[in-house]
Amino acid sequence: MARETDGRERNVFGYLTHEFETFEQRPLGDVDSLVLACLSYFQLPPEAEAARTEEGMDLRDLFRAEWLEGMTGGLWDPAGLSRLMACVAASPRMRGIRLSCYAEDLDAAREKQFSACTLRLPGGDAYVSFRGTDNTLVGWREDFNMAFTPEIPAQKYAAEYLRQVSGALPFRPLLVGGHSKGGNLAVYAAVFCGQDVQNRILAVYNNDGPGFYSSLLSL
């Protein structure tokens, strides 16, 4: 893994380990967005009931040894995700963020793999984070469908999720983002969520997401 001359890792782990400014001191940037986008990959256990509500739960309360295996098992990089949660829980910059409105829908019949959460930042903004492709067969089939289908179920669900979050958190400015397929969902949702919701969106972050079917771009 590449490292800078001072020994810091040149990745999100190095950033979280050495970045101590709060969001009040320095606004959210691109690396912060990538961190928040990756937080949507965690598979929350049923016991994390508060994370499914509008109020949400502090990210530090999710960092529990008895939950980590279930939250990361079967994903692409369980060890990396566990380390990410540890770095986030210890980070002065990420402290106070609340994970809320967690949603997950895996539908083999409709070939839909969708999950999202909303990170409530201490300063008042809400970052709507869409999960990218997981390692399920449904997730991969949905990715293949994106190559020849103008719209996929997860995209439509993403727009609806963004509208629901906007209604649930009516006074919070919105940031929208995701990684991989989640970046594509973020852009789609921001375009098709409706003018009232769009008026509250401060920025959209597409972290290495795929493009769109050509016919969709003409809508």
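**Strand 5 and its surroundings**

Good morning. I begin at one position: F130 stands opposite G178, a residue of strand 5. Strands, like helices, are DSSP runs numbered from the N terminus, with at least two residues (E) for a strand and at least four (H or I) for a helix. Before I go on, a word on the model: it is predicted, local features need pLDDT of at least 70, side-chain atom pairs count only at pLDDT 80 or more, and totals for chains, interfaces and linings use all residues. Residues are numbered from 1 along each chain as its sequence is written, and side-chain values use heavy atoms, with hydrogens and water left out.

Let us look at the strands on either side. Strand 4, residues 126-130, runs parallel to strand 5 and is joined to it by five bridges; two strands are said to pair if DSSP finds at least two bridges between them. Strand 5 also runs parallel to strand 6, residues 201-207, and here there are six bridges. In that second pairing, G178 stands opposite N206 of strand 6. Why is strand 5, residues 174-179, described as largely enclosed by the rest of the structure? Five of its six residues are buried, where buried means under 20% relative accessible area, exposed means over 50%, and partly exposed is in between, for a 1.4 Å probe and protein chains only.

Two residues after these strands have unusual entries in my notes. S180, in the loop between strand 5 and helix 7 (181-192), has a phi near 60 degrees, a positive value in a residue other than glycine. D208, in the segment after strand 6, also has a positive phi near 60 degrees and is likewise not a glycine. As for accessibility, S180 is partly exposed at 22%, whereas D208 is exposed at 67%.

I return to F130 for its aromatic partners. A pair of aromatic rings is described by the distance of the centres and the angle of the planes. Rings of Phe, Tyr and Trp (its six-membered ring) pair if their centres lie within 6.5 Å; planes under 30 degrees apart are stacked, over 60 edge-to-face, and the rest tilted. The search of the whole structure finds six such pairs. One of them is F130 with Y161, edge-to-face, with 5.9 Å between centres and 70 degrees between planes. This pair links distant parts of the chain, since F130 is in strand 4 and Y161 in helix 6 (residues 153-168), 31 residues apart. Are these two rings buried or exposed? F130 is buried at 0% relative accessibility, and Y161 is buried at 4%. Both belong to one aromatic cluster, together with F114 and Y157.

Next, R120, which lies in strand 3, residues 112-120. This arginine is buried, with a relative accessible area of 12%. What does its side chain reach? The R120 side chain reaches the backbone oxygen of E54 at 2.7 Å and that of E55 at 2.9 Å. Such a polar contact is a pair of N or O atoms within 3.5 Å; within protein, one must be able to donate a hydrogen and the other to accept it, and residues adjacent in sequence count only if both atoms are side-chain atoms. Leaving aside neighbours within four places in sequence, the contacts of R120 (heavy atoms within 4.5 Å) include G56, I97, D125 and R172.

The last region is helix 3, residues 65-72. Its buried residues are W67, L68, M71 and T72. These cover an arc of only 110 degrees around the axis, which places them on the same side of the helix; the arc is that of the directions from the helix axis to the C-beta atoms. E66 and E69 are exposed, on the face turned away from that side. Strand 1 (57-58) and helix 4 (78-90) are among the elements covering the buried residues. After helix 3 comes G74, with a positive phi near 80 degrees.

Q43, in the loop between helix 2 (30-38) and strand 1, also meets this helix: its side chain reaches the backbone oxygen of G70 at 3.2 Å. Q43 is partly exposed at 21%.

Finally, R64 lies over the face of W67, at 4.2 Å from the ring centre. A charge sits over a ring if NZ of Lys or CZ of Arg is within 6 Å of the ring centre and within 35 degrees of the ring normal. The charged end of R83 likewise sits over the ring of F13, 4.2 Å from its centre. Thank you.
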